[in-house]
Amino acid sequence: MKKMTIRSFLLVCILCALCLCGCRKHGTPTITSNFVSIGYSIDDKSYNSKVWDGILGFYGDIRGEEEHFGTLYDVTSCWNAEKIEPALLQISEAAQTDLIICSGVSMERYVLNAANRFPEQKYLCIDGSFAAGIPQNIMNFVFSAEEGSYLVGAAAAMQALVDSAPPRFGFIGGEETPGIKEFELGFMQGVLSVIPEAELYSAYVGDWTSPDKASAIAKRWYDNDVYAIFSAAGASGNGTIAQAVAHRKVGKNVWAIGVDRDQFEEGTYGIGKSAVLTSMVKNIDRAVSFGLSLVQKNEFRGGTITLGLKEDGVGYTRTNKELNETVVKILLSITDDIINERIRICTFAQNQEEAEHLLRNVRH
């Protein structure tokens, strides 16, 4: 798999910045793009919403006032996996779109097939693995999800200590893919770094569009004194947040942990109150804008670029004022330790045996 060095990445970022300045100076970008999405499209309030934010930002539009929608950029919504491949092939064959944007691990094999059939078409992929190799007409962005997940795990555990809450924590995933397993593993390590004896729960709903399934799991866990649940499940995760809201409304001290974007608003239940303690964010929007700008400058390049804490690719939110100030201070120190490799986070990709050992006591 082809990867960019940090030095190369920073150089391209500088070029990107110059490009964006030029675009603003000389008017609207001229390239066309199409976002092929799966699930609740741009309204999932999570993953796809971040992709859409990046597209709007590049074209200088805002939600509700998409001036260039349908002319310079568009979205093709695929509500299930069966619709992805025909949509991708149809758009690619038309040869009228400068960049086709695809997001999510579910997309990889379809993007790869389309890219091989249409080598002149450019694709931007988010979170692909491409273990067998990546064509030069695909630019793939991946994120060190385990780093951001470690931070929100540590945050939840420290907040539990502040609240003298039961040391029980849960993770709800969408599809059980290698990428989502890294979210789970990072979160659990963050929790265990603070409370080694913590009780850990894990479940997968099987897709990205079943908030009812996540809600049922979350309700059972919250009723069993699980303090905080982290969901990496796309729109399915909204069910976890809804259950956290319902429980907090009746005085239960529980939390949901958001994912991909700041989900504070999704958890609101009163003035300034939210059931989302913090969110593990992936700056997908910046990656999308970056890729578009390279196409605009005719500097597109195939390969995989990895973005972590060091590159400001992942992080956590501090929107909720109930996140203890001392916890935030300690998280800043932990962040620095991860960036400078004083804290080592295990991943399935690096050491599957160790990863499985770390999760051996997780309850399902």
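A crossing of two helices is called right-handed if the near helix is turned clockwise from the far one by less than a right angle, and left-handed if anticlockwise. The exercises below use this term on a predicted model.

**Exercise 1.** Describe how helix α7 packs on helix α8: state the class of the angle, the handedness and the make-up of the contact.

Solution.
Step 1. Helix α7 covers residues 211-223 and helix α8 covers residues 238-249. Their axes come within 7 Å and cross at roughly 40 degrees.
Step 2. Angles under 35 degrees count as roughly parallel, and 65 to 115 as roughly perpendicular. The crossing angle therefore makes α7 oblique to α8.
Step 3. The handedness of this crossing of α7 and α8 is right-handed.
Step 4. On the α7 side, the contact residues include Pro-211, Ala-214, Ala-218 and Tyr-222. On the α8 side, they include Asn-238, Thr-240, Gln-243 and His-247.
Step 5. Sorted by type, the residues of the α7 contact with α8 are five nonpolar, six polar and two charged.

**Exercise 2.** Work out the strand order of the six-stranded open sheet and place helix α2 against it.

Solution.
Step 1. The order is β2-β1-β3-β4-β5-β13, with parallel pairing.
Step 2. Strands β2 (73-78) and β13 (303-307) are the edges, each pairing on one side only.
Step 3. Direction ignored, neighbouring strands of this sheet are turned by 20 degrees against each other on average.
Step 4. Strand β1 (residues 33-38) is joined to β2 by six bridges. In this pair, Phe-35 stands opposite Val-75 of β2.
Step 5. Helix α2 (residues 47-59) lies across β1, β2, β3 and β4, and runs at about 170 degrees to β1.

How values were computed: Residues are numbered from 1 along each chain as its sequence is written. This is a predicted model: local features need pLDDT of at least 70, side-chain atom pairs count only at pLDDT 80 or more; totals for chains, interfaces and linings use all residues. Side-chain values use heavy atoms; hydrogens and water are left out. Two strands pair if DSSP finds at least two bridges between them. Helices (H or I, at least four residues) and strands (E, at least two) are DSSP runs, numbered from the N terminus. Axes are lines fitted to C-alpha atoms, for helices over the stretch in contact, and angles run from 0 to 180 degrees between N-to-C directions. Contact means heavy atoms within 4.5 Å. Angles under 35 degrees count as roughly parallel, over 145 as roughly antiparallel, 65 to 115 as roughly perpendicular and the rest as oblique. Ala, Val, Leu, Ile, Met, Phe, Trp, Tyr, Cys and Pro count as nonpolar, Asp, Glu, Lys and Arg as charged, and the others, Gly among them, as polar.
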